[in-house]
Amino acid sequence: MIKLAPSILSADFANLGQDIQMIDQAGCDYIHIDVMDGMFVPNISLGVPVIKRVREYTDKVFDVHLMIEEPSRYIEAFKNAGADIITVHAEACKHLHRVVSLIKSYGIKAGVSLNPATPISVIEYVIDQLDMVLVMSVNPGFGGQAFIPSALHKINALRDVICGRGLTCDIEVDGGVTLDNVKSIVDAGANVIVAGSAIFNCDDVEKRIKAFRDAAE
Ligand SMILES: O=C(CO)[C@@H](O)[C@H](O)COP(=O)(O)O
Ligand SMILES: [Fe+2]
């Protein structure tokens, strides 16, 4: 089963609650929330108080993508704000294994994200602890960028590792996903699909989410 996770980075921040209800009612699976600190990535987005507030608008899974340096400092705060899945960047953690263990100690799902230039070998010794690996298909920091094709090869290689080791962790793909490339991404082995601009920049979000599901499945 493919899971669709619209990224609210492309939502209208002046109407965030309503936009979240719109994608909830349109049938998305997860709400993908991009947290940026202006250090790990060259942009600042939103943080704990906003997540806590919009938690009141939906019961959908909050898939929180932390693009912040040393995220261990804030795991408890994001968990308390309502995160169901917390994904950290391998490149942002000095002690990745410790951070993954910390996330799991709160009884929520743990993901690790890899930038486009980061090899999958960096998660070799933590992958068996993970619920999800997030393959970045753009350099993180902004919505609306073009998909980097080498991500397909990485997804494929990751699927081989996961199957080869008898693991069950999800592969999420994030960045530049469109109706035109989603099939190739799923064929490569991804099962959680993030899309921001391709979902929010349209007239009928419900139709667009259905179109994504049709194209993906
Ligand atoms: O994490 C990020 C960007 O760093 C993403 O989640 C973007 O928000 C995806 O936006 P699109 O590329 O789909 O417009
Ligand atoms: Fe993201």
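The following exercises, with worked solutions, concern a predicted model.

Local features require pLDDT of at least 70 and side-chain atom pairs pLDDT 80 or more, whereas totals for chains, interfaces and linings use all residues. Residues are numbered from 1 along each chain as its sequence is written, and chains are lettered from A and ligands numbered from 1 in the order in which they are written.

**Exercise 1.** Determine the strand order of the open sheet and identify its edge strands.

*Solution.* Strands are DSSP runs of E with at least two residues, numbered from the N terminus, and two strands pair if DSSP finds at least two bridges between them. Step one: the eight strands follow the order β1-β8-β7-β6-β5-β4-β3-β2, with parallel pairing. Step two: β1 (3–6) and β2 each pair on one side only, and these are the edge strands. Step three: from one strand to the next, the twist averages 20°. Step four: seven parallel bridges join β2 to β3, and His32 stands opposite Asp63 in β3.

**Exercise 2.** Locate Glu70 and describe its backbone and exposure.

*Solution.* Step one: Glu70 belongs to the loop between β3 (61–67) and α3 (75–81), helices being DSSP runs of H or I with at least four residues. Step two: its phi is positive, about 45°, although Glu70 is not a glycine. Most residues other than glycine have a negative phi. Step three: Glu70 is partly exposed, because 15 other C-beta atoms lie within 10 Å; C-beta atoms are placed from the backbone, and the cut-offs are 20 or more for buried and 12 or fewer for exposed, with partly exposed in between.

Notes: Axes fitted to C-alpha atoms, helices over the stretch in contact; angles between N-to-C directions.
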